[in-house]
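Here is a short note for a colleague who has not looked at this entry before. The points below go from the ligand to the sheets and the helices packed on them.

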Amino acid sequence: MAIQPDSAPSELAVAEALKALGPPGLLTGCRRIRGGDEQFLLPAERDSMATRDRKARAASGAGRRIVHELLRRLRCEDVAVLRGPLGSPMWPPGIVGSIAHDEELAVAAVAMRSPSVRSVGVDVEPMLPLPPDLRAVVITSHDRLGNLDQGIGGRLLFAAKEAVYKASFPLDGRMLEFDDISVDLKSGEAATSSGRRLLVRCTARPRILALAYTP
Ligand SMILES: CC(C)(COP(=O)(O)OP(=O)(O)OC[C@H]1O[C@@H](n2cnc3c(N)ncnc32)[C@H](O)[C@@H]1OP(=O)(O)O)[C@@H](O)C(=O)NCCC(=O)NCCS
């Protein structure tokens, strides 16, 4: 199935598309990454990622800018979301969330932890077919792409697996490889090699976005 790219989606359109993928109560945001966005890192956040280069800190700053606003909407004011030792964001008690960036956009999703959302993971990717060498690593015999080809379907699967990893990590504390995760893009179900089952939702418009969460 051919999917046409949307070369410059608005921040709002991306945030809305991400929200539409998630369960009720999920707050989402998107920001185009600008030079200097590292200014939005709170001092403790900056210290937690001091060794990263400036471009990476700008992307993280754009993500934290979204996160601070979403947390404010959940009445968590001025909370620093530090980068943990393995890269995972450290959320305030009672909050679940996830951050992702590609070359242009940062996205984030945040929610109150509840029995229906115990963890969440997001990913954003450029609308480019997954290169053949990566397809061999990402797509396994357990995955189901539905009627999508291995190019864009592979890219969606890549995003889905990154989202699943980010959602499972806070619960299981385990580093996962692509072949530790199986995804059925059609049914929206995913499972990890440690037995964790998640729901995963993806879209290719207005950007490749994936959201995974534990029901
Ligand atoms: C998590 C990971 C997959 C993110 O990949 P990426 O393409 O570099 O970056 P993304 O833009 O998609 O996401 C970055 C964000 O992920 C989040 N993140 C990083 N490690 C995480 C983890 N272990 N659990 C949850 N979220 C994590 C962070 O918020 C980070 O943004 P920040 O540094 O600004 O806070 C990667 O950092 C990683 O840890 N890889 C090792 C495991 C792996 O690659 N397995 C195969 C894929 S499943």
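1. Helices and strands are DSSP runs numbered from the N terminus, a helix having at least four residues and a strand at least two. With that numbering, α5 gives the largest share of the shell around the ligand, namely five residues. The model is a predicted one.

2. Which elements each supply at least two residues of the shell around the ligand? They are α3 (54-73), β2 (95-101) and α5 (152-172). The shell has 22 residues, and those that come nearest to the ligand are Ser60, Gly87, Ser88, Tyr165 and Phe169. By residue type, the shell divides into 10 nonpolar, six polar and six charged.

3. On the overall layout, the chain has five helices and eight strands. Along the sequence they follow the pattern α-β-α-α-β-β-β-α-α-β-β-β-β. The radius of gyration is 16 Å, close to the 17 Å that the globule rule gives for 215 residues, so the chain is as compact as a globular protein of that length. Taken along the principal axes, the C-alpha atoms fill a box of roughly 45 × 35 × 35 Å.

4. One sheet is open and consists of three strands in the order β1-β3-β2, with antiparallel pairing. Why is one side of β1 (27-32) and of β2 left without a neighbour in this sheet? Both strands stand at the edges and each has a single partner strand, so one side of each has no neighbour there. From one strand to the next, the twist averages 10°.

5. Within this three-strand sheet, β2 and β3 (residues 105-112) run antiparallel and are joined by seven bridges. As an example of the register, Ile99 has Ala108 in β3 as its bridge partner. Helix α1 (residues 11-21) packs on this sheet, where it touches β1 and β3, and its direction makes about 150° with that of β1.

6. Helix α3 deserves its own entry. This helix lies across β1, β2 and β3, and runs at about 30° to β3. α3 has 20 residues and reaches 29 Å from its first C-alpha to its last, close to the 28 Å expected at 1.5 Å a residue. Following α3 is Arg75, which has a positive phi, near 65°. α3 is also one of the elements that supply at least two residues of the shell around the ligand.

7. The other sheet to check is open and has five strands in the order β4-β8-β7-β6-β5, again with antiparallel pairing. Its edge strands are β4 (120-125) and β5 (181-184), each of which pairs on one side only. Here the twist averages 20° from one strand to the next.

8. In the five-strand sheet, β7 (residues 197-203) and β8 (residues 208-213) pair in the antiparallel sense over five bridges. Thr203 has Leu209 in β8 as its bridge partner. α1 packs on this sheet, touching β4, β7 and β8, and its direction makes about 35° with that of β8. α5 packs on the sheet as well, touching β4, β5, β6 (189-192), β7 and β8, and its direction also makes about 35° with that of β8.

9. Two helices are worth following through the points above. α1 touches β1 and β3 of the three-strand sheet, and touches β4, β7 and β8 of the five-strand sheet. α5 packs on the five-strand sheet and supplies five residues of the shell around the ligand.

Terms used: Residues numbered from 1 in each chain as written. Predicted model: local features only at pLDDT ≥ 70, side-chain atom pairs only at ≥ 80, totals over all residues. Near = placed C-beta within 6 Å. Nonpolar A, V, L, I, M, F, W, Y, C, P; charged D, E, K, R; others polar. Pairing = 2+ DSSP bridges. Axes fitted to C-alpha atoms, helices over the stretch in contact; angles between N-to-C directions. Contact = placed C-beta atoms within 7 Å. Expected span 1.5 Å × (residues − 1). Rg over C-alpha atoms; globule rule 2.2 N^0.38 Å.
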